[in-house]
Amino acid sequence: MTGTSPHESRRPDQRTGKEETGPLDRVPWRRFIVLGDIGAGGLGAVRGRGADKPWADRVAETLRSTRPDLAYLNLGRHGHSAAQVRARQLARALAFRGDLAAVVAGGHEAVADPFDVDAVESELHRIVGPLRDTGADVITVGPYSPRLLAPTAPDRAGGLEDRLRLLAERTGELALRHGAFHVDVGADGGGRRTDVDDHDVAAAVILRLAAHLASGRVAA
């Protein structure tokens, strides 16, 4: 998607010089739930900059600018594998009864040996599927870059960039099969961006939500 959606305004951030996503002109969602690993908690947390506002918090603030009563819960935990996200977070997410969910998982496995992308995809299927079965709109997010996940780790078998690219491809395909949608702001041609921050991820997610609203296919 290129250009600015008619459902979105953008303005320069005076502190960073980057464009900051403005409010959507309508927000149908009432309950926003986030599941995942450290990526769900924000890239500032990954880098050890706890003062950085997590991307999901930024998305929730943007949604609340139009729907102040939006309920928001972030269950993301550092070190959780996709299997742990399913086992420890999914039940709470379903009990929350969100109509908009974001899922960020698989990065933990990508930096470990062995990396079984089929197993990760299976767990993501068991997370995204039940969320979609409730009628929720689901967005999968892949803001990973090699430096964020393993800044000092040696290269893994097959190459960490290759693993992350494969994970992003599989996650995007899975999202499509479930009628969900995928944001991979870390994609950079054949490699992975190393300069992604929470502004970037939040802006990309809001752009994708705006496009979804424009399509008219929104959860009841």
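# A tour of the predicted model

Begin by selecting helix α3, residues 55-64, and helix α9, residues 198-215: their axes are 8 Å apart and meet at an angle of about 45°. The model being viewed is a predicted one. With angles under 35 degrees counted as roughly parallel and 65 to 115 as roughly perpendicular, α3 and α9 are therefore oblique to each other. The crossing in which α3 passes α9 is right-handed. To see the contact, show side chains on both helices. On the α3 side, select Trp55, Arg58, Val59, Thr62 and Leu63. On the α9 side, the residues to select are Asp198, His199, Val201, Ala202, Val205, Ile206 and Leu209.

**Stay on α3**

Is α3 largely enclosed by the rest of the structure, or open? Seven of its ten residues are buried, so α3 is largely enclosed. The buried set consists of Trp55, Ala56, Arg58, Val59, Ala60, Thr62 and Leu63.

Next, pick Ala60, which lies in helix α3. Its relative accessibility is 1%, and because buried means under 20%, Ala60 counts as buried. Which residues does Ala60 touch, leaving aside those up to four places away in sequence? They are Phe32, Leu70 and Tyr72. Now add Arg31 to the selection: 29 residues separate Arg31 from Ala60 along the chain, while their C-alpha atoms are 9.7 Å apart.

**Move to α6 and α8**

Select α6, residues 117-133, together with helix α8, residues 160-177. The angle between these two helices is about 30°, and their axes are 10 Å apart. Here too a right-handed crossing is found, with α6 passing α8. From α6, the contact draws on Val117, Asp118, Val120, Glu121, Leu124, His125 and Val128. From α8, the contributors are Leu166, Leu167, Arg170, Thr171, Leu174 and Arg177.

**Two backbone details**

Most residues other than glycine have a negative phi, and most peptide bonds are trans. The next two stops depart from that pattern in the backbone.

Go to the loop between α5 (107-110) and α6 (117-133), where Pro114 lies. Select Asp113 along with Pro114: the peptide bond joining them is cis, with omega about -5°.

Then select Arg97, in the loop between α4 (82-96) and β5 (100-104). What is the phi of Arg97 near? It is near 60°, a positive value in a residue other than glycine. Is Arg97 buried or exposed? The relative accessibility of Arg97 is 67%, so this residue counts as exposed.

**Zoom out to the whole chain**

Show the full chain and colour by secondary structure: nine helices and nine strands are present. Of the 220 residues, 51% are buried. Among contacts with a separation of 6 or more, 75% are between residues 24 or more positions apart. Switch to a surface view next. The chain exposes about 10,100 Å², and 49% of that comes from carbon and sulfur atoms.

Finally, colour by pLDDT. The chain has a mean of 82, with 77% of its residues at 70 or more. Select residues 1-20, where the pLDDT is below 50. In the model this stretch has 48 contacts beyond near neighbours in sequence.

Key:
Residues are numbered from 1 along each chain as its sequence is written. This is a predicted model: local features need pLDDT of at least 70, side-chain atom pairs count only at pLDDT 80 or more; totals for chains, interfaces and linings use all residues. Side-chain values use heavy atoms; hydrogens and water are left out. Helices (H or I, at least four residues) and strands (E, at least two) are DSSP runs, numbered from the N terminus. Buried means under 20% relative accessible area, exposed over 50%, partly exposed in between (1.4 Å probe, protein chains only). Contact means heavy atoms within 4.5 Å. Accessible areas come from the Shrake-Rupley method with a 1.4 Å probe; for residues, only the protein chains shown count as cover. pLDDT is the predictor's confidence in each residue, from 0 to 100. Axes are lines fitted to C-alpha atoms, for helices over the stretch in contact, and angles run from 0 to 180 degrees between N-to-C directions. Angles under 35 degrees count as roughly parallel, over 145 as roughly antiparallel, 65 to 115 as roughly perpendicular and the rest as oblique. A crossing is left-handed if the near helix is turned anticlockwise from the far one by less than a right angle, and right-handed if clockwise.
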